[in-house]
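Me: I would like to learn how to read contacts between chains, helices, domains and strands. Please take them one at a time.

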Amino acid sequence: MLNRRTLLQSGLALPAVIGAGDAFAQGTGPIRIACAGPLTGSNAAAGDQMKVGATQAVADLNAAGGLLGRQVALELGDDACDPRQAVSVANQLAGRRVVFVAGHYCSGSSIPASKVYAEEGVLQMSPASTNPRFTDEGGWNTFRVCGRDDQQGLVAGKYIADNFKGKKVAILHDNQAYGKGLAEETKKSMNAGGLQEVLFTAYNPGERDYSALVSRMKGAGVDVMYIGGYYTEAGLILRQSKEQGMNVTMIGGDSLVTKDFWQITGAAGEGALMTFSSDPRNRPTAARVVQAFKAKNIDPEGYVLYTYAAVEIWAAAAKKLNAVDPRRIAAELKASGPWQSVLGPISFDRKGDVTVPDYVFYVWKNGNYTELKS
Amino acid sequence: MAYAMQQLINGISLGMIYGLIAVGYTMVYGIIGMINFAHGDVFMIGAFIALITLLLLQMGGLMDGPAAILLVLLVSMVITALYGWSVERVAYRPLRGSFRLAPLISAIGISIVLQNYVQVSQGARPKPIENLLPGGIEVMRDGPFVVQFSYIQMLIIALTLGVLAAFTLLVTRTPLGRAMRACEQDRKMASLLGIDTDRTISLTFVIGAALAAVAGSMYLLRYGVIDFYIGFLAGVKAFTAAVLGGIGSLPGAVLGGLLIGLIETFWSAYFSVQYKDVAAFSILVLTLIFLPTGLLGRQEVEKV
């Protein structure tokens with residue numbers, strides 16, 4: 001029985017190995033790459049940003065004659081920010097002989113998916129997953145074009161300690177890889193800055209009623225709340241706080257960079273703060289692509305340009321090597337650089353993190369966010 | 001004191017919504033002895049119809065507070081009731097008399113169909129609306145802590161109590177209620193005595209769906225954000241409430257809903273926010289160990 005099964009498995013594995021070799025060779029079919037993220041679920045707005053960015057990047061690549069004389073085909077994977085679904089999506093994409101994945105969005109999805117990609121020989125570059133573990137524990141194949149939460153939390157915690165001295169601060173998180181990691185880094189840096197929080201607690205993502213949590217903060221006299229979590233819950237907590245008559249300043253992370261956040265909060269979002277990289281839309285390197293998006297009536301907000309850049313950088317490395325072998329590209333990405341992209345020049349360190357991350361504060365005003373001038 | 005008061009208000013208004021949904025579970029169970037697993041999604045449909053009606057009203061410029069809310073509520077109740085009727089027609093009636101698990105499975109199928117239908121037709125993103133009834137009254141004040149009782153919370157509590165009173169009257173005082181109770185006791189005997197049992201069961205689903213629509217509309221007004229997946233969590237909580245209160249019992253469903261809402265809220269208020277579901281479900285388990293039919297459930301008499 002055991003023998004037969006092993007035989008069967010090796011029999012199944014064989015075509016896959018041959019297939020993999022075939023995909024890396026100078027074939028004639030299109031080169032398959034993928035964009036994976038939450039196309040559905042409560043983070044669908046972010047998934048949509050990624051999809052738009054990747055689609056445009058592939059269209060631009062193909063319009064310029066493709067890559068290595070071949071067209072590039074984009075596959076889409078929907079993980080709904082669910083770690084289990086992320087693993088099955090990763091397996092599916094690997095089964096379709098994808099050589100590169102721009103994704104995923106949620107750190108909780110990117111981390112388990114990266115293990116699958118590492119085994120299957122797929123290169124992964126996340127435009128958005130900021131949890132340090134993604135590259136710290138990642139294999140040869142993990143890269144990101146965004147910053148890390150230990151960098152983001154450092155900026156956020158220091159800002160709170162400097163600007164809200166003597167105020168009562170609550171730190172909340174959603175107990176997921178991204179939110180919890182970010183909240184802990186922020187707490188660390190805030191405490192180092194000499195400010196202690198009055199409440200540090202987790203909430204359950206996916207719920208709608210946060211009134212008990214809000215009353216608890218109201219009871220503790222909280223003036224400032226830092227939320228490590230995604231925009232739907234952060235928006236709801238803020239909205240319900242204002243409805244209960246709290247006068248509170250909310251501070252969040254890069255996941256709030258979407259107009260959907262304001263849709264949820266409405267006027268309650270006025271003055272909410274968040275950390276994100278300095279707006280890539282205003283960079284001169286992005287001007288041409290931003291124009292192209294505006295012509296299609298798309299605002300390339302949030303992660304659109306990050307996903308675009310991930311595809312662009314991968315393509316640049318493939319062009320340089322004249323090959324799409326993921327392992328060789330991974331080595332090349334770390335060895336060479338800086339790589340030119342819509343985000344500007346980007347270099348990777350030996351873990352696959354960008355070498356010069358920058359986090360700045362944004363403030364929500366009247367449905368739009370603008371960089372906070374200090 | 002003020003703090004506990006605020007949490008009490010939070011807990012009651014949350015519990016009332018659970019109670020409204022739980023009534024739908026308990027009614028259907030009472031009459032056909034079957035859990036309607038699609039009920040949570042009928043609630044979600046109710047919320048979406050309320051949202052669409054509201055947006056249409058806003059487009060037509062017909063927005064003035066209470067009247068608009070009443071209209072939204074009525075439209076949502078009528079259309080959701082049609083959904084409830086169709087669910088019974090498609091998933092239950094053809095299987096009546098087949099083996100016991102069949103309608104259970106078909107109800108789960110309907111639940112998946114409804115979720116995917118809304119996901120495809122309305123999109124997967126959460127749909128927000130602004131707060132239609134902002135503000136509230138200040139109940140009491142303890143130093144800087146102000147106990148806020150919002151108009152929406154008042155509306156939810158008043159409406160739930162009103163709807164339940166009307167419904168209790170319907171079951172105890174009208175011919176339809178008598179037919180429903182007869183079907184509940186012995187369906188075959190009821191049909192022998194000239195009661196149209198199919199029609200009675202259909203009407204039970206229709207009423208259950210209308211109540212779910214009230215809950216869905218209240219949910220939309222209270223939280224302002226809905227998506228195609230809200231039926232799952234709310235359905236699980238309401239089902240728990242129905243079981244806790246004693247499935248088949250109407251006052252039990254409301255009592256169960258209130259208890260679940262209060263346990264969740266007070267656990268979050270004094271212990272850990274993330275373990276509130278553990279608290280609610282532990283109490284359910286304990287209750288069922290000592291009172292297997294729930295708090296107000298009747299002992300099932302095995303008929304020979």
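Reply: The turns below go from the chain contact to helix packing, then domains, then a hairpin. The model is predicted.

Me: How many residues does each chain give to the contact?

Reply: The size of an interface is often given as the accessible area lost when the parts come together. Here we count residues instead: chain A brings 32 and chain B brings 29. On the chain A side, at least two residues each come from helix 2 (44-63), strand 7 (199-202), helix 8 (211-219), helix 9 (231-243) and helix 10 (259-265). Helix 8 of chain A gives the most, with 7 residues. By class, the side of chain A that touches chain B has 8 nonpolar, 16 polar and 8 charged residues.

Me: At what angle do helix 8 of chain A and helix 10 of chain B pack, and how far apart are their axes?

Reply: Two packed helices are described by the angle between their axes and the distance between the axes. For helix 8 of chain A and helix 10 (residues 250-270) of chain B, the angle is about 30° and the axes are 9 Å apart. Angles under 35 degrees count as roughly parallel, so helix 8 of chain A is roughly parallel to helix 10 of chain B. The crossing of these two helices is right-handed.

Me: Which residues of helix 8 of chain A and helix 10 of chain B meet?

Reply: From helix 8 of chain A come A:A212, A:L213, A:S215 and A:R216, and they meet B:T265, B:S268 and B:A269 in helix 10 of chain B. This helix contact divides into 3 nonpolar, 3 polar and 1 charged residues.

Me: Where do the domains of chain A lie in the sequence?

Reply: The domain assignment puts residues 2-147 + 282-335 in domain 1 and residues 150-276 in domain 2. The C-alpha centres of the two domains are 31 Å apart. In their contact, 15 residues of domain 1 of chain A touch 15 residues of domain 2 of chain A. On the domain 1 side, helix 2 and helix 4 (107-120) each supply at least two residues, and helix 4 of chain A gives the most, with 3 residues. That side comprises 5 nonpolar, 8 polar and 2 charged residues.

Me: In which sense do strand 11 and strand 12 of chain A pair?

Reply: In a regular strand the side chains alternate between the two faces of the sheet. Strand 11 (residues 360-365) and strand 12 (residues 368-371) of chain A pair in the antiparallel sense over 4 bridges. A:W364 stands opposite A:Y369 in strand 12 of chain A. The hairpin has 2 residues between the strands, and A:N366 takes a positive phi near 55°.

Technical notes:
Residues numbered from 1 in each chain as written. Chains lettered and ligands numbered in written order. Predicted model: local features only at pLDDT ≥ 70, side-chain atom pairs only at ≥ 80, totals over all residues. Contact = placed C-beta atoms within 7 Å. Nonpolar A, V, L, I, M, F, W, Y, C, P; charged D, E, K, R; others polar. Axes fitted to C-alpha atoms, helices over the stretch in contact; angles between N-to-C directions. Parallel < 35°, antiparallel > 145°, perpendicular 65-115°, else oblique. Left-handed = near helix turned anticlockwise from the far one by under 90°. Domains from an automatic or database assignment. Pairing = 2+ DSSP bridges.
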